[in-house]
Amino acid sequence: MSVLIGKTEQQYITEIREPYQGYTVAIPRLGRPGEYLRKNFFGVRVTLDEHLAAAIQWRDEKYVELHGRHIPDRIFHKRQGNSNIEVVGVNKIVKTVKKKLKNGTIKVYSVPCIYAQIHTIPGKDYTRASGARSKLFSIAKYGEAEAIKLATAWRRQMEEQLIGIV
């Protein structure tokens, strides 16, 4: 339920309109899929901007309590953890690969990869243009530093093509 309204600093915050205008904060609980810590901020005594400021402050404090770290700047994919790679749209993930063997058994491998994502529609965060694609670069094949370099260059090239610079 990581919902964004307008800006990236409003993660996990949604707007409510009934019975009063305000905001709901829903933070996912770590290790409990589908469970959220929720709190509503609404009423007529305070302005909407003050409700939003209170919601953001409460969200930041509770996120640190629940997860032990500050809320990440951007979340690109629900199943993907945010990494420490500084390039926007390039993250480190673990891909699960299933391989069927000759005897009929299925073997499951975990492959660490660098994932280059495309989110380039102007004015809309976290959406892809039709025809845009993302790409994986295997760390086992290229090495981590080379995979990050390739993913960054590939993402920049795709972004330029989608925007129409090239």
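A residue counts as buried when its relative accessible area is under 20%, and as exposed when that area is over 50%. These cut-offs are applied here to a predicted model.

**Overall layout**

The protein has three helices and six strands. Read from the N terminus, these elements follow the order β-β-β-α-β-β-β-α-α. Of the 166 residues in the protein, 30% are buried. The exposed area is about 11200 Å², and carbon and sulfur atoms supply 50% of that area. Among contacts between residues at least 6 apart in sequence, 41% join residues at least 24 apart.

**Nonpolar cores**

The largest nonpolar core has twelve residues: Y12, I13, Y23, V25, I27, L37, F41, L52, A55, W58, Y63 and I71. Strand β2 (22–28), strand β3 and helix α1 each supply at least two residues of this core. Helix α1 gives the largest share, four residues. A second core, separate from this one, has ten residues, including V90, I114, A116 and A151.

W58 belongs to the largest core. Apart from neighbours within four places in sequence, W58 is in contact with V25, I27, L37, R38, K39 and F41.

**An aromatic pair**

The whole structure contains three aromatic pairs. One of them joins Y12 and Y63, whose rings are stacked, with 5.9 Å from centre to centre and 25° between the planes. The two residues are 51 residues apart, and the pair links distant parts of the chain: Y12 is in the segment before β1 (13–16), and Y63 is in helix α1 (residues 48–67). Both Y12 and Y63 are also members of the largest nonpolar core.

Y12 is buried because its relative accessible area of 7% is under the 20% cut-off. Y63 has 3% relative accessibility, so Y63 also counts as buried.

**A nonpolar surface patch**

Y20, F42 and V44 make a nonpolar patch of about 300 Å² on the surface. V44 lies in the loop between β3 (36–42) and α1. With a relative accessibility of 66%, V44 counts as exposed.

The three residues with stated accessibility are listed below.

| Residue | Relative accessible area | Class |
|---|---|---|
| Y12 | 7% | buried |
| Y63 | 3% | buried |
| V44 | 66% | exposed |

How values were computed. Residues numbered from 1 in each chain as written. Predicted model: local features only at pLDDT ≥ 70, side-chain atom pairs only at ≥ 80, totals over all residues. Heavy atoms only, no water. Phe/Tyr/Trp six-rings, centres within 6.5 Å; stacked < 30°, edge-to-face > 60°. Buried < 20%, exposed > 50% of the residue type's maximum accessible area, 1.4 Å probe, protein only. Patch = residues over 30% accessible without salt bridge, like charges linked within 9 Å, V, L, I, M, F, W, Y side chains within 5 Å. Areas by Shrake-Rupley, 256 points an atom, 1.4 Å probe, with all protein chains shown as cover. Salt bridge = Lys/Arg side-chain N within 4 Å of Asp/Glu carboxyl O. Core = buried A, V, L, I, M, F, W, Y, C linked by side-chain atoms within 4.5 Å. Contact = heavy atoms within 4.5 Å.
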